[in-house]
Amino acid sequence: MSSSPTPATRRQKIAVATSTIGVLGGITVGSWLMIDGTIDIAIVGGGSIPAGEDCPSRILSPVVPERVPVQVLNATNEPGLAGDVAEDLTDRDFRVEAVDNDYFADTGFEAIIRAGERGLRQAYTVQHHIPGALVDVDDRDDFTVDVVLGSEFAGLQDVEEIEMEPGRLDCAGSGR
């Protein structure tokens, strides 16, 4: 009796190996195209830049930074950016609760400030510190504010130039 595999078994092994390599190659190429921005990540449920149609138009009063719980998220390839910004916000008395990464297919924005209806005043306060930031109102039910940093982020506004007066959120990113 011979111990070599039969031709049918050999073909099955080659078919399985070829299929596995093909699937892994497809996943790799697809991932790179999503990271590159060629494939819109929104088709698989990822992040996108908010459109701003649902932007609240009422006048909001700012709150003191000590009453603003913030999560700083880095959507860029720049390591340590969220940590550096978190330190700067802490120096300005914001309550930084978390520092992490976020994924967006398109990072060509300065920053996105996410908050729920209850945290709009907190988002308004943070927006004064980040020039050009967009506000995205989501469905959270607390006062926390997420700051998602994009590739166009150039730094926080100089403290001396910030005028904390009542006003409206800027959901279009036109700046202050």
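**Exercise 1. A proline and its partners**

Leaving out neighbours up to four places along the sequence, Pro 65 is in contact with Arg 92, Asp 93, Phe 94 and Arg 95. Keep in mind as you work that the model is predicted. Your task: find where Pro 65 lies, and how far apart the C-alpha atoms of Pro 65 and Arg 95 are.

*Solution.*
- Step 1. Start with the address: Pro 65 belongs to the loop between α1 and β1.
- Step 2. Turn to the spacing. Pro 65 and Arg 95 are 30 residues apart along the chain, and their C-alpha atoms are separated by 7.3 Å.
- Step 3. Pick out one of the contact partners, Asp 93. Asp 93 sits in the loop between α2 and β2.
- Step 4. Check its backbone: Asp 93 is not a glycine, yet its phi is positive, about 75 degrees.

**Exercise 2. A patch of charge**

Which residues gather in the patch of negative charge on the surface? Take two of them, Glu 78 and Asp 93, and decide whether Glu 78 is buried, partly exposed or exposed, then do likewise for Asp 93.

*Solution.*
- Step 1. List the members: Glu 66, Glu 78, Asp 84, Glu 87, Asp 88, Asp 91 and Asp 93.
- Step 2. Place Glu 78: look in the loop between β1 and α2, where α2 covers 81–91.
- Step 3. Recall that partly exposed lies between the 20% and 50% cut-offs. Glu 78 has 44% relative accessibility, so Glu 78 counts as partly exposed.
- Step 4. The relative accessible area of Asp 93 is 42%, so Asp 93 is partly exposed too.

**Exercise 3. A salt bridge between two loops**

Find the salt-bridge partner of Glu 117, and say how many residues separate the pair.

*Solution.*
- Step 1. Side chains of opposite charge can pair when their charged atoms come close.
- Step 2. The partner is Arg 58, and the closest N and O atoms of Glu 117 and Arg 58 are 2.7 Å apart.
- Step 3. The bridge joins distant parts of the chain, 59 residues apart: Glu 117 is in the loop between β3 (111–115) and α3, while Arg 58 is in the loop between α1 (7–36) and β1 (69–74).
- Step 4. Now the exposure. Glu 117 is partly exposed because its relative accessibility is 46%; Arg 58 is partly exposed because its value is 41%.

**Exercise 4. Follow Arg 114**

How many salt bridges are there? Trace those that Arg 114 makes with Asp 102 and Asp 146, then name the members of the network.

*Solution.*
- Step 1. The count is six salt bridges.
- Step 2. Asp 102 and Arg 114 meet through their side chains at 2.5 Å, N to O. Asp 102 is in the loop between β2 (95–101) and β3, and Arg 114 is in strand β3, so this bridge ties together parts 12 residues apart in sequence.
- Step 3. Arg 114 also meets Asp 146, at 3.6 Å, N to O. This pair links distant parts of the chain, with Arg 114 in strand β3 and Asp 146 in strand β5 (residues 145–149), 32 residues apart.
- Step 4. Sort the three by exposure. Asp 102, at 21%, is partly exposed, while Arg 114, at 16%, counts as buried. Asp 146 is buried as well, at 7%.
- Step 5. Put the network together: salt bridges link Asp 102, Arg 114, Asp 138, Arg 140 and Asp 146.

**Exercise 5. A covered helix**

How many residues of α3 are buried? Say what these buried residues pack against, then look at Gln 122 in detail.

*Solution.*
- Step 1. Nine of the 10 residues of α3 are buried, and the helix is mostly covered. Among them are Leu 120, Tyr 124, Val 126 and His 129.
- Step 2. The buried residues of α3 pack against β1, β3, β4 (134–137) and β5.
- Step 3. Gln 122 is part of helix α3, which covers residues 120–129. Buried means under 20% relative accessible area, and Gln 122 counts as buried because its value is 4%.
- Step 4. Beyond residues up to four places away in sequence, Gln 122 touches Val 63, Arg 67, Val 68, Phe 143 and Val 145.

**Exercise 6. Step back**

What pattern does the protein follow along the sequence, and what percentage of its residues count as buried?

*Solution.*
- Step 1. Three helices and five strands follow the pattern α-β-α-β-β-α-β-β.
- Step 2. Of the 176 residues, 36% count as buried.
- Step 3. For contacts between residues at least 6 apart in sequence, 76% join residues at least 24 apart.
- Step 4. Finish at the surface: the protein exposes about 10,300 Å², with carbon and sulfur atoms supplying 52% of it.

Methods
Residues numbered from 1 in each chain as written. Predicted model: local features only at pLDDT ≥ 70, side-chain atom pairs only at ≥ 80, totals over all residues. Heavy atoms only, no water. Helix = DSSP H or I, 4+ residues; strand = E, 2+ residues; numbered from the N terminus. Buried < 20%, exposed > 50% of the residue type's maximum accessible area, 1.4 Å probe, protein only. Contact = heavy atoms within 4.5 Å. Salt bridge = Lys/Arg side-chain N within 4 Å of Asp/Glu carboxyl O. Areas by Shrake-Rupley, 256 points an atom, 1.4 Å probe, with all protein chains shown as cover. Patch = residues over 30% accessible without salt bridge, like charges linked within 9 Å, V, L, I, M, F, W, Y side chains within 5 Å. Lys, Arg positive; Asp, Glu negative; His and termini not counted. Charge placed at Lys NZ, Arg CZ, Asp CG, Glu CD.
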